[in-house]
Amino acid sequence: MRKLWWAVPVAAVGAAAVRRSRPSQGADERAGDRWLTVTVNRPPMDVGSAGKPPPPLDDLAERIDVQIRPAPGDRGTELAARFKEPVSAASASVPGRLAGQDPRQELRRALRDAKSLLEAGEVLRPDAPPTTRSTLGGRLVEVFTRRSGGEGVL
């Protein structure tokens, strides 16, 4: 019986992945139509204009739509971006995301980098290596650190 306890978290993760991969009813089926947004602690005129997005979003300018608008409550600026063309289901799948082939990861990373550049003047990165000696835990932290820039909720 104790040997089967490891199967509980594995089954829960599998069920969550299946539930997440199914499109919800009434939701738009194209992942590329979803706006990804960050709030920047700068006035809208410092962030840029819709015709000229801030770096590094300007590298993706021909593939994305950008909106720059004041944040609610006069708390900075909302910087939103989305792909003009829909993202393929294969690249947005879990295996595509794990392999780093999801184009939304590139857009998320560009939005985070733009926010960091506008607020701090540089893109802040975690120290490397995360540990002083190579251990299994240290390698696991390195993998998560590399993947974290393109994942997450925006």
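# Exercises on a predicted protein model

The protein has 6 helices and 3 strands, where helices (H or I, at least four residues) and strands (E, at least two) are DSSP runs numbered from the N terminus. This is a predicted model, in which local features need pLDDT of at least 70, side-chain atom pairs count only at pLDDT 80 or more, and totals for chains, interfaces and linings use all residues. Residues are numbered from 1 along each chain as its sequence is written, and side-chain values use heavy atoms, with hydrogens and water left out.

## Exercise 1: The sheet

Determine in which order the strands form the sheet, and which strands stand at the edges.

Solution.

Step 1. Apply the pairing rule: two strands pair if DSSP finds at least two bridges between them. E2 and E3 are antiparallel, with 7 bridges, and 5 bridges join E1 to E3, also in the antiparallel sense.

Step 2. Check individual residues. Ile68 has Leu79 in E3 as its bridge partner, while Val40 stands opposite Thr77 in E3.

Step 3. Assemble the strands. The 3 strands form an open sheet in the order E1-E3-E2. E1 and E2 stand at the edges with a single partner strand each, so one side of each has no neighbour in the sheet.

Step 4. Examine the connection between E2 and E3. These two strands form a hairpin with 6 residues between them, and Gly73 in the turn has a positive phi of about 75°.

## Exercise 2: The nonpolar core

Identify which element supplies the largest share of the largest nonpolar core.

Solution.

Step 1. State the terms. A nonpolar core is a set of buried Ala, Val, Leu, Ile, Met, Phe, Trp, Tyr and Cys residues joined through side-chain atoms within 4.5 Å. Buried means under 20% relative accessible area, exposed over 50%, and partly exposed in between (1.4 Å probe, protein chains only).

Step 2. Apply them. Of the 154 residues of the protein, 25% count as buried. The largest nonpolar core has 18 residues, and those with the most contacts inside it are Leu57, Ile64, Leu79, Leu107 and Leu111.

Step 3. Assign the core to elements. Strand E1 (36-40), strand E2 (64-70), strand E3 (77-83) and helix H5 (103-120) each supply at least two of its residues. The largest share, 5 residues, comes from H5.

## Exercise 3: Salt bridges

Find which residue forms a salt bridge with Arg82, and state which strands the pair ties together.

Solution.

Step 1. Recall the principle and the rule. Side chains of opposite charge can pair when their charged atoms come close. A salt bridge is a side-chain nitrogen of Lys or Arg within 4 Å of a carboxyl oxygen of Asp or Glu. By this rule the count comes to 6.

Step 2. Locate the partner. Arg82 forms a salt bridge with Asp65, with the closest N and O atoms 3.9 Å apart. Arg82 lies in strand E3 and Asp65 in strand E2, so the pair ties together parts that are 17 residues apart in sequence.

Step 3. Assess accessibility. Arg82 is partly exposed at 24% relative accessibility, and Asp65 is partly exposed at 27%.

Step 4. Consider a further pair. Glu78 forms a salt bridge with Arg69, the closest N and O atoms being 2.9 Å apart. Glu78 is buried, with a relative accessible area of 17%, whereas Arg69 is partly exposed at 30%.
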